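This report looks at a ligand site and at one histidine. Please have the model open while reading.

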Amino acid sequence: MYTQALSVENQTDQCASEEQEKLRRFQGRIDGENRIEAMDWMPEAYRRTLVRQISQHAHSEIIGMQPEGNWLTRAPSLKRKLQLLAKIQDEAGHGLYLYSAAETLGVSREELIDQLHAQKAKYSSIFNYPTLTWADIGAIGWLVDGAAIMNQIPLCRCSYGPYARAMVLICKEESFHQRQGYEIMMTLARGSPEQREMAQESLNRWWWPCLMMFGPSDRDSQHSDQSTQWKIKRFSNDELRQKFIDATVPQAHFLDLTIPDPDLKFDEPTKHWQTGPIDWDEFWRVVKGEGPCNRQRIAAKRKAHEEGAWVREAAMAHAQKRRERAAAAKVAAE
Ligand code: FAQ
C-alpha cells in the first residue's frame with residue numbers, strides 16, 4: 001500500500017514538473033517573439049483567452065454591419081451607396097476570417113454563433129448605438145474604424161499566428177474605411193450650415209462611446225495582465241485610448257468641429273490631450289445588454305441566421321454532391 005501511494009505521488013510530481021517545463025518553454029517562445037501556431041502545445045487558459053477575444057472580435061464585425069446597413073437604402077448618392085456597400089461587405093469578410101482563426105483553436109463556428117445568439121458571448125459595445133443621420137456613417141468610419149485600427153495594428157504582432165495574420169489584411173481594409181468616413185465628415189463639415197450641424201451632432205453622440213470601445217480603464221481590466229504576458233495584448237486599454245485621442249483631436253480641429261468635452265486640454269509636459277472622465281456606468285450598462293440597441297441587434301442577427309438556413313443547407317448539399325462526383329470519377333479512373 002505504502003509503496004503504491006509513493007509511486008502515485010511520484011507520478012503526480014513528475015506530471016506536474018513536465019507541465020511546468022512545457023509552460024516554461026511556451027513562455028520562452030513567446031518572450032523570444034516566436035509565433036504560436038494551431039498545432040503547437042499551448043496552455044488551456046491561453047487557448048480559452050484567444051477563443052474569447054477572437055470570437056468577440058468576429059461577432060463585433062458581423063453585428064457592426066447592422067448600424068451601417070441601416071443607411072444603405074438612403075445613401076445620398078450612387079457613389080456613396082457603392083462605397084458603403086463595399087465597406088459592409090468588408091466587415092462580413094473580416095468576421096468570416098476571424099471565425100476561421102478561432103476555429104483553428106478547436107471550436108466550431110456554429111458553437112460560437114450559438115453563444116452570440118444566446119447572449120453568452122460579447123461583441124463591441126459601440127454597435128449598440130443607433131445611426132440616426134447620414135453623418136453617423138461618416139462618424140463610424142472616422143471614429144469607430146479609427147479606434148478599431150488603433151487597437152488592431154498591435155494585434156498584427158499578437159503571439160498567435162492565425163490571429164496575427166488575419167489582422168494584416170483586416171487592418172489594411174480598416175484604414176480605407178477610416179479614410180472614407182473622414183472624407184464624408186469633411187464633405188459635411190465644409191457643406192451647408194445644416195450639414196455642418198449634422199456632422200457636429202454626430203461627433204457629439206459618437207465621441208464618448210468610441211473612447212469606451214477600448215475597454216475598461218487599466219485598473220478594471222481583468223484580462224490585461226495575463227494577455228500582456230502572453231503578448232496577445234501589446235498595449236493596455238488606456239494606452240491605446242490615449243493614442244486614439246492624440247490622433248483624433250487634431251483631425252477634429254482640421255474639420256473645425258468641437259470635441260464634446262469641456263475638460264479637454266493639451267497637457268504640455270506630457271504632450272498628450274487629456275479628456276474629462278469617461279462615464280463607465282454607461283459602458284457597463286451597454287456591455288450588460290442595456291444599451292439603446294442591444295435587443296434589436298441580437299433579434300436582427302437571429303432572424304438573419306434563421307432566414308439564411310436554406311442557404312447554408314444548399315451550400316452543404318452542393319459540397320456533398322461535389323464530393324460524391326469526385327469520388328465516383330476517381331473510382332471510374334481506377
Ligand atoms: N465592448 O479585461 P478586459 C470594429 C469586456 S471591431 C464590450 O479589458 P480584454 C470593426 C471584455 O470582453 C471592434 N465588451 O478585456 C468595425 C471583458 O469581458 P469578458 C471590436 C467589452 O479582452 C468597424 C471585460 O469587458 N474589436 O470595430 C469591451 O483584455 C466599423 C473586461 O475587459 C475587437 O474585438 C467593449 N468595448 O480587452 C466593424 C478587438 N471592452 O470577455 C464595423 C480585439 C471590454 O471577460 C464597423 N479585442 N469588454 O466577458 C481586444 O483587443 C480586447 O478584447 C479588448 C478588451 C481591448 C476589446
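The ligand site comes first, then the histidine.

**The ligand and its shell**

The model is predicted. The ligand takes up the space of the largest pocket. Around the ligand there are 36 residues. Of these, Lys122, Ser221, His223, Lys233 and Asn237 come nearest.

Several helices feed this shell. At least two residues each come from helix 2 (44–63), helix 4, helix 6 (135–152), helix 7 (161–189) and helix 11 (280–290). Helix 2 gives the largest share, with 6 residues.

Polar atoms of the protein also lie by the ligand. The table lists three such pairs.

| Residue | Protein atom | Ligand atom | Distance |
|---|---|---|---|
| Arg52 | polar side-chain atom | oxygen | 3.0 Å |
| Ser125 | backbone N or O | nitrogen | 2.8 Å |
| Asn151 | side-chain N or O | oxygen | 3.0 Å |

Taken alone, the ligand exposes 1,100 Å². The protein buries 93% of that area.

**His94**

His94 is found in helix 4, which spans residues 78–103. Is His94 buried or exposed? Its relative accessible area is 1%, so His94 is buried; the cut-off for buried is under 20%.

Which side chains make polar contacts with the side chain of His94? The side chain of Glu173 does so at 2.6 Å. The side chain of Glu61 does so at 3.4 Å.

Neighbours within four places in sequence aside, His94 is in contact with Glu61, Ile170, Glu173, Glu174 and His177.

Notes
Residues are numbered from 1 along each chain as its sequence is written. This is a predicted model: local features need pLDDT of at least 70, side-chain atom pairs count only at pLDDT 80 or more; totals for chains, interfaces and linings use all residues. Side-chain values use heavy atoms; hydrogens and water are left out. Helices (H or I, at least four residues) and strands (E, at least two) are DSSP runs, numbered from the N terminus. Buried means under 20% relative accessible area, exposed over 50%, partly exposed in between (1.4 Å probe, protein chains only). A polar contact is a pair of N or O atoms within 3.5 Å; within protein, one must be able to donate a hydrogen and the other to accept it, and residues adjacent in sequence count only if both atoms are side-chain atoms. Contact means heavy atoms within 4.5 Å. A residue is near a molecule or strand if one of its heavy atoms lies within 4 Å of it. Accessible areas come from the Shrake-Rupley method with a 1.4 Å probe; for residues, only the protein chains shown count as cover. On a 1 Å grid over the protein atoms alone, a cavity is a set of points where a 1.4 Å probe fits but cannot get out, and a pocket is an open set with protein on both sides within 12 Å along at least five of seven lines; lining residues have an atom within 4 Å of a point. A molecule sits in a cavity or pocket if more than half of its atoms lie within 2 Å of its grid points.
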